[in-house]
Amino acid sequence: MSHSFIDRSSNYFTQNYENEEPQKKIDPIAQLKELNNTTVREWGLFNNHPAQMFAKEEDLSAEAKAKEEEETIQGKGLQINNSPVLEDEADIMGTKAAHGENASVYGVGNGIQKQDADDVDKENGKTVTTDYETYKSKTFKASDNAKLYSLTESDGKISVDKIYEKEKNYAVESEIIPKDLKVSILETDNCYNAKTKSYKEVAKIKVDDSANSEWNGRVAWTTRTNVSEQPDNDGFYTITVSDANVRADAVEVNGNQKTIPQDTEITISEYRENNGKYYLKVADKETTEEYGWIKSDGFMNKLANVSFGVTNAVYISEEENHSTINKNNTKTFEENGYKYESIKEKEDFIRIPKGTKVKVISTDDSYREVEQTDGTNIGWTSVTNLASKADEDGFFEVTNDDARIRRKEKNYKEKTSTLSVGTFVIEKETSSETYPAGLYTKVALTEKNDDKYTEKADSDVWILTDNLTRKWADVKGKHATWEDGKYTGQIDLVNVMGDGEEMEYMKADTNDKENDMYDKYIKMANAAESDGVIIGLVDGFRTYPEQKVLYDAYKANKKGYYPANPPGKSDHQRGIAVDLSNKGNSSLNKWLMKNSYKFGFVRTYSGYSEGHHWEYRPSKVKNPTSIKKDNKEFTRYYFATFTPEKEWKDSDTNKWDATYYEE
Ligand SMILES: [Zn+2]
């Protein structure tokens with residue numbers, strides 16, 4: 001029997017986990033309430049931030065929204081977005097949908113591609129598309145809620161219609177069949193009543209009654225109960241009621257909404273978002289027959305390993321000298337003469353030995369550029385280090401034992417104005433007389449006229465080169481990565497269905513499959529699944545505003561919010577962090593501790609409150625080792641970057657922080 005140390009302390013472990021409140025999930029609508037009219041509005045340029053879409057949706061009252069939805073679903077072929085407010089939203093959604101299409105239409109994961117002129121982006125931008133088609137064919141099982149819809153798209157708008165079972169209705173007509181007529185029953189069928197959603201048995205009768213010349217020989221449908229239950233000795237039935245209506249021939253009507261039988265194995269080939277709901281295009285796994293679309297709650301195991309497509313990064317310009325300010329309150333400078341900086345070497349200043357004779361070759365204020373007697377240039381030093389008078393050969397003697405050699409540098413004086421993050425600038429020149437060269441960059445500001453950015457006249461200003469990021473990019477867009485409070489670039493994201501109903505995002509890199517976080521994550525989730533545990537994604541990539549919401553809420557001591565880093569400083573904004581559903585799930589947690597290293601994932605924060613936080617850091621993972629304890633062989637798994645070398649002691653209650661042992 002296998003004995004593992006974790007078993008002994010697992011109570012401690014899980015108790016600590018389960019007593020905690022679950023990590024607060026990001027709710028875009030709540031976010032919006034926080035950010036509305038402030039940050040969210042800044043996304044307007046690209047009209048593609050999800051929070052903005054929710055913003056529009058939020059404008060509607062809940063009631064109006066419910067009505068909206070009811071109408072659009074009931075009214076066959078009606079546009080889903082038929083209020084002016086939603087109309088705008090539909091445009092945005094349409095844009096997004098079109099983006100989604102790009103991924104499958106272009107279908108190649110090779111970075112930057114030009115968009116067609118009449119394509120989505122009105123800013124003449126470019127998109128990065130990535131092919132994640134290969135992930136789409138995973139098998140799922142239909143839940144008991146797998147109702148089918150049809151989605152049709154025209155002019156960028158999506159119409160959602162229910163798909164119905166087709167039923168036959170035999171409508172009641174006004175003509176009455178006389179009572180006591182002798183009839184034969186030719187066939188029976190079920191008549192569907194769309195109003196009551198019920199069935200009634202109907203019979204096709206042939207009148208065989210010579211006593212009634214008008215009816216004799218006629219064929220008609222009527223309700224089965226209008227006819228006697230059993231035939232008489234001659235095999236004839238009788239009309240038993242006086243109000244037996246004739247029914248018309250069958251017409252096809254909509255029955256109940258079509259569903260996929262529970263537990264049917266399905267594959268997902270596409271997804272669309274509409275009014276905040278996700279629709280998935282599904283087919284039967286066995287027959288490959290397409291069913292139609294289901295809502296995202298129509299399949300079981302809303303695993304983290306579902307991907308539907310890739311959203312696209314937007315670049316306004318990729319020209320060499322087009323750059324974006326990457327830091328808020330970026331200082332601006334102007335040239336201001338020169339300064340003379342003392343030079344250090346190995347922690348000490350470089351000096352001219354006292355008594356050295358030097359020749360002055362140029363003068364600037366209180367500094368002198370000097371050379372040795374043989375003509376070798378030494379550099380600059382302060383005039384106070386030299387004898388006040390030259391000797392007869394024209395050389396000055398160094399009289400100070402702290403005569404530092406100084407370097408002449410261009411001086412930059414801080415101006416009062418600052419630039420905000422996301423500002424587009426045009427690089428003009430870099431500083432040559434600084435150390436290092438290029439420390440400062442002279443940029444021109446831009447202004448937007450008729451949707452075009454042009455250089456703003458007389459706007460040149462110097463800034464630290466470090467505050468620039470190449471390309472004009474939507475640095476505050478949903479693809480922006482941030483590290484240490486600074487914008488660091490744009491990444492591709494892939495949609496991943498989160499542990500809740502919300503859509504999460506994860507970094508994707510098809511150009512480097514070996515180090516592709518998403519690829520590794522999917523492999524990990526699949527491996528876990530085949531070991532019988534399900535990994536759920538609680539939180540993936542976060543945008544700047546998302547992090548702001550979490551941080552502000554945490555600072556305000558809001559209930560349910562965990563400690564969060566200030567915006568720009570979360571590892572979730574770097575695209576390497578995921579919060580997984582292992583909290584309070586000891587079987588998943590144990591699985592992760594033993595297996596996460598195989599996929600490059602490690603825990604980076606100690607303590608149980610951060611037990612859900614994992615990062616993709618392949619360079620930090622460590623293979624398991626063996627250790628002997630009480631003559632037993634144990635495998636030691638390193639699942640965290642903190643205190644991995646910590647010596648294990650039997651009495652150490654916190655030993656599961658970084659390593660896990662199993663015999
Ligand atoms: Zn986290």
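The following conversation concerns a predicted model and its sheet, its nonpolar cores and one phenylalanine.

Visitor: How many helices and strands are there in the protein?

Guide: The predicted model has eight helices and 44 strands.

Visitor: And what share of the residues counts as buried?

Guide: Of the 663 residues, 36% count as buried.

Visitor: What about contacts between residues well separated in sequence: what percentage join residues at least 24 apart?

Guide: The figure is 64%, taken among contacts between residues at least 6 apart in sequence.

Visitor: Let us turn to the open sheet of four strands. What is its order?

Guide: The order is S38-S39-S41-S40, and the pairing is antiparallel.

Visitor: Which are the edge strands?

Guide: Strand S38, residues 537–539, and strand S40, residues 601–603, are the edges, as each pairs on one side only. From one strand to the next, the twist averages 45°.

Visitor: How many bridges hold S38 and S39 in their pairing?

Guide: There are two bridges between S38 and strand S39, which covers residues 577–580, and the two strands run antiparallel. Within S39, leucine 580 is the residue opposite leucine 537.

Visitor: Leucine 580 interests me. Which residues have the most contacts inside the largest nonpolar core?

Guide: Leu580 is one of them, together with Leu493, Met506, Tyr518, Tyr521, Met524 and Phe639. This core has 36 residues in total.

Visitor: Which helix gives the most to this core?

Guide: Helix H6, residues 517–530, does, with seven residues.

Visitor: Is there a second core, and which residues does it include?

Guide: A separate core of 21 residues includes Tyr412, Ile426, Ala473 and Val475.

Visitor: Returning to methionine 524, what is it in contact with, beyond its neighbours within four places in sequence?

Guide: Methionine 524 is in contact with Ile535, Ser596, Phe599 and Phe601.

Visitor: Where is phenylalanine 601 placed?

Guide: Phenylalanine 601 lies in strand S40, which is an edge strand of the sheet.

Visitor: Is phenylalanine 601 buried or exposed, and why?

Guide: Phenylalanine 601 is buried, because 26 other C-beta atoms lie within 10 Å, and the cut-off for a buried residue is 20 or more.

Visitor: Which residues is it in contact with, again leaving aside neighbours within four places?

Guide: Phenylalanine 601 is in contact with Met524, Ser596, Trp614, Glu615 and Tyr616. Ser596 is also in contact with methionine 524.

Visitor: How far apart are phenylalanine 601 and tyrosine 616, in sequence and in space?

Guide: They are 15 residues apart in sequence, and their C-alpha atoms are 4.5 Å apart.

Definitions and conventions
Residues are numbered from 1 along each chain as its sequence is written. This is a predicted model: local features need pLDDT of at least 70, side-chain atom pairs count only at pLDDT 80 or more; totals for chains, interfaces and linings use all residues. Two strands pair if DSSP finds at least two bridges between them. Axes are lines fitted to C-alpha atoms, for helices over the stretch in contact, and angles run from 0 to 180 degrees between N-to-C directions. A nonpolar core is a set of buried Ala, Val, Leu, Ile, Met, Phe, Trp, Tyr and Cys residues joined through C-beta atoms within 7 Å. A residue is buried if 20 or more other C-beta atoms lie within 10 Å of its own, exposed if 12 or fewer, and partly exposed in between; C-beta atoms are placed from the backbone. Two residues are in contact if their C-beta atoms, placed from the backbone, lie within 7 Å.
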